[in-house]
Amino acid sequence: MHISFLQAALIGVFYYLSWSPWFTYVGFFTFNRPLVAGFITGIILGQPLEGALIGAGINVIYLGFISAGGAQMGDPSFAGYVGTALALVSNLDVATAMAISVPLGTIATVLWIAKMTVNSFFVHWADKEVEKGNLRRLAFINVFPPQILLFLVSFIPATLVVFYGPDAVSGMLRVMSPSVLHVFTVIGAMLPALGIAMNLKLIGNSFTMPFFVLGVILSVYFKQDILIIAIMGVVLALTVTSIRYSSRKDVNV
Amino acid sequence: MQTAKTLTKNDVLKSWFRWYMFAQSNYNYERMQATAFAHSMLPVIEKLYPDKEDAKAAVQRHLSFFNTEPICGAVIHGITIAMEEEKANGKPITDGAFNGIKTGLMGPLAGIGDTLTQGIITPIMLAICIGITNNQNLAGPIIFLIAQFAIMTTIQLTMWMNGYTYGKKAVEQILEGGMINKVIEGASILGTLVMGGLVGRFIPLQTLISFDVGQVKFNLQTDLLDKLMPGLIPLALTLIVLSMVKKGVSPIKLMGILIALGAVTGILGIF
């Protein structure tokens, strides 16, 4: 499959939008995630389902993605948009797509750091304008200068990598033997452990961890769909918390 | 005595909408969400302080360092608006009082907010919708989009309006009442179970090791591990990574370790 410059630029625009305020702050919880990123990239390249499947795979690595105070592990959005585009154009399977997306997402963290550093200057500009009494100028400064900056540092690199990347990827694949591709599959199967572990760091404790083991058994041994597991989880959560909290009340009374 | 200055619901909503859109627009290392906070207060300030100098002072006090989780932290903005309304009507509230409330609440609410939005709601919705997508169904990303917008917007708006209506009492209720702990605990059970469910699908590691025992071929995976417990390898791998995360090994380093481990075990034919 060949990618046109227009398609590459469109993917670049969506990558920008996913970090921008134009989809409201909830954009961070939606368009920023590889699942949605893969779906959108798939639509742009004419393969929505394949895109969504690759995005879903990449997203597992970033399940535990937490951005707190500007410190974070990689850029899931860059991995989602750019990784899916490269995978679709080069016809990669999901595991290989996962393995090439992670380094992309990690490198892209640089863009985030650059943005947060330069944005500090706009705060001083806002200080000055407010001091002069131009209160409404604050709204302009909070929106336009940082967004122009963000557009430059996000749209340009994403578009260029999507447009020129496939040649590099296909060149790489041409020299690769099936055994090298097998290694990629193993790496792709290991990386989700990090995403899941990052999330467990937050919600896993001695009380909840047995439920994690139960989840593994339900999926591996009983081969249940995640939706069914989630419904069982709701039932368990409601039962367990009501038992724990009602018995606690008895103790207090 | 002058006539009371009151805000309409529309003023409060106008202010919310600016935060809903631009909370992270100018996120920066120096003062984080400071310009976004002040930006969101502009409609309220313009209404409450006709005097230019008063308005300027109000904007300036909200240009100080501010950083919280934008969804749950919205209760702080609601409280701030209520305080500004009282101040405009003559109550002696100092800049220090504003700063104290804001900085005192932004930390705890960032903790609760990050756990709830990034640690529980989003991963659970993702896990479910990734599952739907993997059944060759495009409804996955679409349901995810709609559900996330509905959930996050509802929580943020509820926080904002309750902060404005009930002021400081609202936060005390959230922080001290047992309700939030119960919600987080229940959601954590659901979350860990779903995370376990993802293991089977996305960490399909099976060892290829086998020996010849006399005439019989002994396959480590099917003849031993599957009989002990299916999914033992992915489970062990996740727990090892988890213990390293807890020890403070950085995620980027762990990524490197996992890539190296995958390469080595893949080449040696262990997996």
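**Exercise 1. Determine how much of residues 138-162 of chain B is helix, and how far apart the ends of that span lie.**

Solution. In this predicted model, residues 138-162 of chain B are 96% helix and 0% strand, with 37 Å between the C-alpha atoms at the two ends. The next step is to set this span beside the record: the unreviewed UniProt entry lists residues 138-162, 228-245 and 252-270 of chain B under "transmembrane region". Another of these annotated spans, residues 228-245 of chain B, is 83% helix and 0% strand, and its end C-alpha atoms lie 27 Å apart.

**Exercise 2. Describe the secondary structure of chain A, and then examine two of the spans that UniProt annotates in chain A as "transmembrane region".**

Solution. Begin with the whole chain: chain A contains 11 helices and 0 strands, so that its elements, read from the N terminus, are written α-α-α-α-α-α-α-α-α-α-α. Its C-alpha atoms occupy a box of roughly 60 × 60 × 25 Å along the principal axes. Turn next to the record, in which the unreviewed UniProt entry gives residues 52-74, 138-163, 175-195, 202-220 and 226-245 of chain A as "transmembrane region". Among them, residues 202-220 of chain A are 74% helix and 0% strand, with 24 Å between the end C-alpha atoms. Residues 226-245 of chain A, by contrast, are 100% helix and 0% strand, and here the end C-alpha atoms are 28 Å apart.

**Exercise 3. State which domains are assigned to chain A and to chain B, and how far apart the domain centres lie within each chain.**

Solution. For chain A the assignment gives domain 1 (5-203) and domain 2 (205-252), and the centres of these two domains, taken over C-alpha atoms, are separated by 33 Å. For chain B the assignment gives domain 1 (7-197) and domain 2 (204-266), whose centres, again taken over C-alpha atoms, are separated by 42 Å.

**Exercise 4. Characterise the interface of chain A and chain B by the residues in contact, the buried area and the kinds of residue on the side of chain A.**

Solution. First, count the participants: 105 residues of chain A and 105 residues of chain B take part in the contact. Second, consider the area, which comes to about 9,600 Å² buried between the two chains, with 76% of it on carbon and sulfur atoms. Within chain A, the residues that lose the most area to chain B are Tyr25(A), Met190(A) and Ile226(A), which together account for 8% of what that side buries. Third, look at the polar part, where 23 residue pairs between chain A and chain B are in polar contact, both residues being at pLDDT 80 or more. The side of chain A that touches chain B is made up of 73 nonpolar, 25 polar and 7 charged residues.

**Exercise 5. Find how many salt bridges cross the interface of chain A and chain B, and explain why the pair of Asp127(A) and Arg31(B) joins two chains.**

Solution. Side chains of opposite charge can pair when their charged atoms come close. The structure holds 11 salt bridges over all chains, and 4 salt bridges are found across the interface of chain A and chain B. In one salt bridge, the side chains of Asp127(A) and Arg31(B) meet at 2.6 Å, N to O. Asp127(A) belongs to helix 6 (residues 109-131) of chain A, whereas Arg31(B) sits in the loop between helix 1 (9-22) and helix 2 (34-48) of chain B, and therefore the pair joins two chains. Glu46(B) and Arg136(A) also meet through their side chains in a salt bridge, at 2.9 Å, N to O.

Notes. Residues are numbered from 1 along each chain as its sequence is written. Chains are lettered from A and ligands numbered from 1 in the order in which they are written. This is a predicted model: local features need pLDDT of at least 70, side-chain atom pairs count only at pLDDT 80 or more; totals for chains, interfaces and linings use all residues. Side-chain values use heavy atoms; hydrogens and water are left out. UniProt positions are given in the numbering used here, feature names are shortened, and annotations may be inferred rather than shown by experiment. Helices (H or I, at least four residues) and strands (E, at least two) are DSSP runs, numbered from the N terminus. Domain bounds come from an automatic or database domain assignment. Contact means heavy atoms within 4.5 Å. Buried area is the accessible area (1.4 Å probe) that two parts lose on being put together, summed over both. A polar contact is a pair of N or O atoms within 3.5 Å; within protein, one must be able to donate a hydrogen and the other to accept it, and residues adjacent in sequence count only if both atoms are side-chain atoms. Ala, Val, Leu, Ile, Met, Phe, Trp, Tyr, Cys and Pro count as nonpolar, Asp, Glu, Lys and Arg as charged, and the others, Gly among them, as polar.
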